[in-house]
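Reader: I would like to go through this structure with you, one topic at a time. Could you put it up so that we can both look at it?

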Amino acid sequence: MTSLDSVLDKDGVRLTVDDAVATVTLTNPAKRNAQSPALWRALTEAGRALPGSVRVVVLRGEGKSFSAGLDRQAFTPEGFDGEPSFLDMARGPEAELDATIAEYQEAFTWWRRNDIVSIAAVQGHAIGAGFQLALACDLRIVAEDVQFAMRETSLGLVPDLTGTHPLVNLVGYARALEICATGRFVHAEEAERTGLANLVVPAGELVAAARDLAGALLAAPRDAVVETKALLSGAVSRGYEEQRVAERAAQGRRLRDLAGITD
């Protein structure tokens with residue numbers, strides 16, 4: 001193993017790399033890792049800064065909470081230093097508002113790239129944007145004290161940081177609607193039962209469990225995992241026959257690769 005290298009450390013986000021495993025850590029426990037546009041830009045930068053050797057990315061938050069969601073300062077007239085407030089953005093042209101939200105969403109999209117597998121290690125509160133950040137990852141390991149909630153509707157808003165698609169895929173439309181519209185808490189037992197969580201562990205074992213899962217993911221050859229992830233993620237939008245064709249094509253590529261045959 002190589003020594004742990006710090007690639008990025010800014011605006012509440014730290015990226016470290018240890019061989020094929022990268023760790024993205026939210027580093028503002030005093031504010032329960034509340035999120036801001038600056039943090040979202042740092043998350044986007046972390047995704048772009050990943051070395052090509054990285055195969056697994058672990059996302060975690062320091063302190064008692066994974067992320068308590070959007071920093072409420074965003075809704076004050078003054079907003080954040082050097083940033084337009086959300087209220088000012090709402091008063092601007094619609095196209096600019098759409099472009100700004102699209103920029104924010106970039107922090108939540110790269111976690112499902114086919115060349116990596118992402119694991120969210122979630123403890124305590126994962127509220128709103130925090131819930132959506134956990135949903136952005138491929139897999140979720142949660143502590144027994146986890147509390148997921150989608151609170152956007154209570155603020156008169158909607159979840160807009162890419163969380164609605166994975167939430168519906170994981171728990172189904174009816175439960176997703178109920179979770180979002182009521183803003184209620186989803187605790188560890190329900191999260192595991194409904195597929196939101198792959199594994200529930202005591203809080204003290206969360207880091208070790210994520211490390212063990214990362215090691216298990218690294219046991220298989222990289223190209224096979226990449227092809228399998230692409231095959232499974234595409235299955236949501238394909239019909240049965242289309243998926244059969246995709247399976248054959250993917251297996252053909254793997255067999256040709258193993259046989260040393262180049263196209």
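Reader: How many cavities of 30 Å³ or more does a search of the whole structure find?

Author: The search finds one such cavity. Please keep in mind that this is a predicted model.

Reader: What volume does the largest cavity have?

Author: Its volume is about 60 Å³.

Reader: Which residues line the largest cavity?

Author: The lining consists of R55, V56, N114, D115, I116, V117, L217, L218, R222, V225 and V226. Helix 8 (206–218) and helix 9 (222–235) are the elements that give two or more residues to this lining.

Reader: And which element gives the largest share of that lining?

Author: Helix 9 does, with three residues.

Reader: How do the lining residues divide into nonpolar, polar and charged?

Author: Seven are nonpolar, one is polar and three are charged.

Reader: Let us turn to charges. How many salt bridges does a search of the whole structure find?

Author: The search finds 15 salt bridges. One of them joins the side chains of R14 and E62, at 2.8 Å from N to O. This pair links distant parts of the chain, with R14 in strand 2 (residues 13–18) and E62 in the loop between strand 4 and helix 2, 48 residues apart.

Reader: Why does R14 count as partly exposed?

Author: R14 counts as partly exposed because its relative accessibility is 24%. Its partner E62 is also partly exposed, with a relative accessible area of 23%.

Reader: Which residues are linked in a network of salt bridges?

Author: The network links R175, E178, R184 and E190. Within it, R184 forms a salt bridge with E178, and the closest N and O atoms of that pair are 2.4 Å apart. The side chain of R184 also meets that of E190 in a salt bridge, at 2.7 Å from N to O.

Reader: Is E190 buried or exposed?

Author: E190 is buried, because its relative accessible area is 11% and the cut-off for buried is under 20%. R184, at 24% relative accessibility, counts as partly exposed, and E178, at 31%, counts as partly exposed as well.

Reader: Which side chain of opposite charge is nearest to E152, and how far away is it?

Author: That is R151, which is 8.1 Å away. E152 is buried yet has no salt bridge; a salt bridge requires a side-chain nitrogen within 4 Å of a carboxyl oxygen.

Reader: Where is E152 found, then? And what is it in contact with, leaving aside its neighbours within four places in sequence?

Author: E152 is found in the loop between strand 8 (147–149) and helix 5 (164–171). With those neighbours left aside, E152 is in contact with G128, A129, Q132, L157, V158 and P159.

Reader: Now the backbone, please. What is notable about the phi of D11?

Author: The phi of D11 is near 50 degrees, a positive value in a residue other than glycine. D11 has its place in the loop between strand 1 (5–10) and strand 2. At 45% relative accessibility, D11 counts as partly exposed.

Reader: And what phi does R32 have?

Author: R32 has a positive phi of about 55 degrees, although R32 is not a glycine. R32 is found in the loop between strand 3 (21–26) and helix 1 (37–49). R32 is partly exposed, with a relative accessible area of 40%.

Reader: Staying with helix 1, is G47 buried or exposed?

Author: G47, which is found in helix 1, is buried, with a relative accessible area of 5%. Not counting residues up to four places away in sequence, G47 touches W110 and R113. The C-alpha atoms of G47 and A107 are separated by 7.9 Å, although these residues are 60 apart along the chain.

Reader: One last residue: where is R72 found, and is it buried or exposed?

Author: R72 is found in the loop between strand 4 (56–61) and helix 2 (86–91). R72 counts as exposed because its relative accessibility is 56%, and the cut-off for exposed is over 50%. The C-alpha atoms of R72 and S85 are separated by 11 Å, with the two residues 13 apart along the chain.

Methods:
Residues numbered from 1 in each chain as written. Predicted model: local features only at pLDDT ≥ 70, side-chain atom pairs only at ≥ 80, totals over all residues. Heavy atoms only, no water. 1 Å grid on protein atoms, 1.4 Å probe; cavity = no way out; pocket = protein on both sides within 12 Å on 5 of 7 lines; lining within 4 Å. Points joined across faces, edges and corners; volume = space filled by probe spheres on them. Helix = DSSP H or I, 4+ residues; strand = E, 2+ residues; numbered from the N terminus. Nonpolar A, V, L, I, M, F, W, Y, C, P; charged D, E, K, R; others polar. Buried < 20%, exposed > 50% of the residue type's maximum accessible area, 1.4 Å probe, protein only. Lys, Arg positive; Asp, Glu negative; His and termini not counted. Contact = heavy atoms within 4.5 Å.
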